[in-house]
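Biologist: I am new to this structure and should be grateful for a close look at one part of it, namely the contacts made by charged side chains. Please set out the reasoning step by step and then place that part in its surroundings.

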Amino acid sequence: MKNINAAADRFIMGRLMEFEELSSTNEYCKGNDIRTDCIIRAHRQTSGRGRMGRKFVSEEGGLYLSYCYLPPDLKAEKLMPLTGLCAVAVHCAIEKATGLNADIKWTNDLLLYGKKICGILVETVLGEDGKVEKLIIGIGINTNQKSECFEGELENIASSIYALTGKETDETKLLKYLSMLIHGVYSMVCKGDFDRMEEYAEYYRAHCVTIGKEVRILRPELVSAGKDPRGAYAEDPSVFPKAIAVDIDDNFGLIVRHKDGKEEKITFGEISIK
Ligand code: BTN
């Protein structure tokens with residue numbers, strides 16, 4: 001990626017809308033009449049959201065973004081590999097901007113020294129014909145927050161690049177790399193560029209800490225309705241069966257092998273690494 005500055009400046013100019021505070025950048029994209037592809041950034045979010053309706057702590061110091069696309073002709077089925085592709089894009093952007101080599105935990109968390117430093121939440125607004133009217137790629141990267149932001153129940157789970165390394169991340173540089181890479185991923189999905197997606201899947205496998213590990217599949221259907229599987233897991237892990245994570249397929253599904261030797265592809269949900 002030569003001349004990142006000039007190319008990315010041109011790309012970002014006119015697309016980026018920055019706010020000191022929003023409830024959630026994803027919610028902003030969903031709730032507003034957006035007429036053109038744009039990037040929404042908030043310096044803090046009062047109701048940052050993660051997957052499965054969880055809260056995403058979004059204090060000052062992190063990079064909170066939503067890439068909002070209005071695809072002219074994109075069927076929802078084509079989005080299957082998108083979150084995995086985005087995890088690769090974020091991984092590359094962090095590496096280019098900071099020199100750090102993070103780990104990817106299936107499906108789309110980025111970890112540094114075992115702590116979560118990034119989460120990705122892809123959401124869509126669909127038209128009646130099943131076409132994607134709005135595609136929202138929400139990314140939260142814990143860059144420069146102090147360690148106090150991750151006290152209490154988050155202490156063993158999440159942290160920031162600054163708290164873990166003592167180094168400040170140049171967020172402008174990170175935003176530039178990330179925006180170019182996310183746009184590349186979006187184009188890849190729209191065009192159905194499977195060769196390129198295969199390369200990304202290969203990169204994902206090389207950085208995925210889940211492969212080869214014993215995991216528990218946190219199936220929502222094994223807990224009572226409305227209960228967070230992660231909470232149920234903390235109370236009683238035996239509810240969830242163990243399996244070995246053996247591979248990632250080209251759609252970023254996780255292939256697991258059960259005790260009886262049968263393999264299964266997990267496409268949605270969450271796992272806990274033993
Ligand atoms: C997860 O960890 O489950 C996903 C977290 C996604 C957080 C980002 S921050 C920017 C965007 N706005 C939100 O409310 N969520 C996403």
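Modeller: Let us start with D73, which has a relative accessible area of 53%; the cut-off for an exposed residue is over 50%, so D73 counts as exposed. Please bear in mind that the model is predicted. D73 forms a salt bridge with K131, and their closest N and O atoms are 3.1 Å apart. D73 sits in the loop between β3 and α3 (82-98), while K131 sits in the loop between β6 and β7 (132-141); the pair therefore ties together parts that lie 58 residues apart in sequence. The partner K131 has a relative accessibility of 28% and so counts as partly exposed.

This pair belongs to a wider set, since a search of the whole structure finds 21 salt bridges. One of them joins K176 to D9, again with 3.1 Å between the closest N and O atoms. Here K176 lies in helix α5 (residues 171-191) and D9 in helix α1 (residues 4-12), so this salt bridge connects parts that are 167 residues apart in sequence. The two ends are not equally accessible: K176, at 12% relative accessibility, counts as buried, whereas D9, at 39%, counts as partly exposed. The reason for these two labels is that buried means under 20%, while partly exposed covers the range between 20% and 50%.

A further salt bridge is formed by the side chains of R49 and E123, with a distance of 3.0 Å from N to O. It too links distant parts of the chain, for R49 is in the loop between β2 (38-45) and β3 (63-69), E123 is in strand β6 (residues 115-126), and the two are 74 residues apart. R49 is partly exposed at 28% relative accessibility, and E123 is buried, with a relative accessible area of 13%. Salt bridges can also join more than two residues here: E20, E21, R44 and E60 are linked in a network of them.

R49 leads on to the ligand. The ligand is surrounded by 18 residues, and the closest are S24, Q45, R49, R51 and K116. R49 thus appears in two settings: its side chain takes part in the salt bridge with E123, and a backbone N or O atom of R49 lies 2.7 Å from a nitrogen atom of the ligand. R51 also contributes through its backbone, with a polar atom 2.6 Å from an oxygen atom of the ligand. T25 uses its side chain instead, where an N or O atom is 3.0 Å from a nitrogen atom of the ligand. Taken alone, the ligand exposes 420 Å², and the protein buries 97% of that area.

Aromatic rings supply another kind of side-chain pair, and the count comes to 5. F19 and Y28 form a tilted pair, with 5.0 Å from centre to centre and 50° between the planes. F19 is partly exposed, at 21% relative accessibility. Y233 and F240 have ring centres 6.3 Å apart and planes at 50°, so this pair is likewise tilted. Both of its members are buried: Y233 has a relative accessible area of 15%, and F240 one of 1%.

Note on methods: Residues are numbered from 1 along each chain as its sequence is written. This is a predicted model: local features need pLDDT of at least 70, side-chain atom pairs count only at pLDDT 80 or more; totals for chains, interfaces and linings use all residues. Side-chain values use heavy atoms; hydrogens and water are left out. A salt bridge is a side-chain nitrogen of Lys or Arg within 4 Å of a carboxyl oxygen of Asp or Glu. Helices (H or I, at least four residues) and strands (E, at least two) are DSSP runs, numbered from the N terminus. Buried means under 20% relative accessible area, exposed over 50%, partly exposed in between (1.4 Å probe, protein chains only). Rings of Phe, Tyr and Trp (its six-membered ring) pair if their centres lie within 6.5 Å; planes under 30 degrees apart count as stacked, over 60 as edge-to-face and the rest as tilted. A residue is near a molecule or strand if one of its heavy atoms lies within 4 Å of it. A polar contact is a pair of N or O atoms within 3.5 Å; within protein, one must be able to donate a hydrogen and the other to accept it, and residues adjacent in sequence count only if both atoms are side-chain atoms. Accessible areas come from the Shrake-Rupley method with a 1.4 Å probe; for residues, only the protein chains shown count as cover.
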